[in-house]
Amino acid sequence: MTKPVVVGVDGSPSSLDAVGAASHEAAIRGAELRLVHAFGRSSSHLPAGGPPWNPAGAGMRELLDGTLAAAERRAHDVAPQVDITRDVTVGEPLVVLEIASRTASLVVVGSRGLGAFSSLLLGSVSGHLAAHGRCPVLVVRGRPAPAGPVLLAVDDSPASEEAIRFAFAEASLRGADLTALHVCRTGSPDVYDGPADPPFVTYDETHLREHAERVLDAALAGPGERHPDVTVVRRPVAGRVRHTLIDASADAQLLVVGARGRGGFRGLLLGSVGQAVLHHARCPVAVVRHRGEGPATAEGGEGDHP
């Protein structure tokens, strides 16, 4: 039985966009859609008279029914055949969605929300789930190109294997091409992304490109054989990692990244590259954490080892 797709719901326009994306994901997987609304005692948007530990309190039932009914309508508009369940939970959304991820095939969140969801793009929800979630996390932002490819950030770390498998499966489910992108850094000081990068070092660009092509070939061989229906475009690109990913996302329907990597993608979601992607990617971003890792810390930067 396919695990459900979970979506965080708080009544904001962003969360309704997430519900639409989640219902589509549930439909193509043949999965149930689980609407999760979580609130804690510190939530500032609760109505007067409704204690947060009592969902049946004055004003609370009307709030929840209206929020979840709107979410269900959006879900049915996108995929009327999908089965939907509601889950109203007392607790901080960060913790609630992390727990829900343990029994989900995918967790979907919007890029901005109300109350405890409002700091999403600053790393509160998305960063926490990327570090601790037990399944892929889809952050709905930007304007996806419906006919565009699934864009995959590839490096040569074991941590990227889960992201690669997810990207192939997602491209197959969507009937989309897969663009596999590996960023080659050159010797220009303009291509470096952080203070840990050594400026003014000259590299053999031909060697870099050949290395990038070997990385792509090695990373894509196995998954490619398992998904012969997916057309793969390999893109070894010289440039700055964050700008390359953001620019390439403009023509994609989905950007898939690993939660950790090395080389150009090291510390992706925990450093400045990841923050730039979550702030500025022009399409939804799927974050896939390597299952063999323990929970990542949120203290690292671009120079962290995986």
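# A walk through the sheet and its cores

Let's start in the middle of things, with strand β4: L106, V108 and G110 face one side, V107 and V109 face the other, and every one of these residues is buried. Put as a count, five of the five residues in β4 are buried, so the strand is mostly covered. Keep in mind as you look around that this is a predicted model.

Now zoom out. The protein has eight helices and ten strands, and buried residues make up 53% of its 306 residues. Of the contacts with a sequence separation of 6 or more, 78% are between residues 24 or more positions apart.

The ten strands form an open sheet with mixed pairing, and reading across you get β3-β2-β1-β4-β5-β10-β9-β6-β7-β8. At the edges stand β3 (84-90) and β8 (232-238); each has a single partner strand, so one side of each is left without a neighbour in the sheet. From one strand to the next, the twist averages 25°. As a reminder, strands of a sheet pair through backbone hydrogen bonds, either parallel or antiparallel.

Back to β4 and its neighbours. On one side is β1, which runs parallel to β4 and is joined to it by three bridges; here V6 stands opposite V107 of β4. Next to β4 there is also β5, again parallel, with four bridges between the two strands. V107 turns up here too, with V137 as its bridge partner in β5.

β1 also pairs with β2, in the parallel sense and over four bridges. One place to check this is V5, whose bridge partner in β2 is L33. Like β4, β2 is mostly covered, with seven of its seven residues buried. L33, L35, H37 and F39 point one way from the strand, while R34, V36 and A38 point the other way, and all are buried. Notice that the buried list takes in H37 and R34 alongside residues such as L33 and V36.

What lies across these strands? Helix α1 does: it crosses β1 (5-8), β2 (33-39), β4 (106-110) and β5 (137-140), and runs at about 175° to β1. The helix covers residues 13-29, 17 residues in total, and reaches 25 Å from its first C-alpha to its last, close to the 24 Å expected at 1.5 Å a residue. Many positions along α1 are buried, including L16, A18, V19, A22 and A26, but also S14, S15, S23, E25 and R29. Just after the helix, G30 takes a positive phi of about 65°.

V7 is a good residue for seeing how helix and strands come together. Leaving out residues up to four places away in sequence, V7 touches A18, V19 and A22, then L33, R34, L35 and V36, and also V108. V7 belongs to the largest nonpolar core, which has 41 residues; V7, L33, V108, L152 and V256 are those with the most contacts inside it. Which helix gives the most to this core? That is α5 (residues 161-174), with six residues. There is also a second, separate core of 17 residues, and L151, V183, V237 and A281 are among them.

Further along the sheet, β6 (residues 150-153) pairs with β9 (residues 254-258) in the parallel sense over three bridges. V150 stands opposite L254 in β9.

Then have a look at H182, in strand β7 (residues 178-184). Is this histidine buried or exposed? Its relative accessible area is 9%, under the 20% cut-off, so H182 counts as buried. Beyond its neighbours within four places in sequence, H182 is in contact with V154, D155, A212, V215, L216, R235, P236 and V237. Although H182 and T244 are 62 residues apart in sequence, their C-alpha atoms are 9.6 Å apart in space.

Finally, a word on confidence. The mean pLDDT of the protein is 77, and 68% of its residues reach 70 or more. Over residues 42-54, though, the pLDDT is below 50, and this stretch has 24 contacts in the model beyond near neighbours in sequence. Residues 293-306 also stay under 50, and there the model has 32 contacts beyond four places in sequence.

Terms used
Residues numbered from 1 in each chain as written. Predicted model: local features only at pLDDT ≥ 70, side-chain atom pairs only at ≥ 80, totals over all residues. Heavy atoms only, no water. Core = buried A, V, L, I, M, F, W, Y, C linked by side-chain atoms within 4.5 Å. Buried < 20%, exposed > 50% of the residue type's maximum accessible area, 1.4 Å probe, protein only. Contact = heavy atoms within 4.5 Å. pLDDT = per-residue confidence, 0-100. Expected span 1.5 Å × (residues − 1). Pairing = 2+ DSSP bridges. Axes fitted to C-alpha atoms, helices over the stretch in contact; angles between N-to-C directions.
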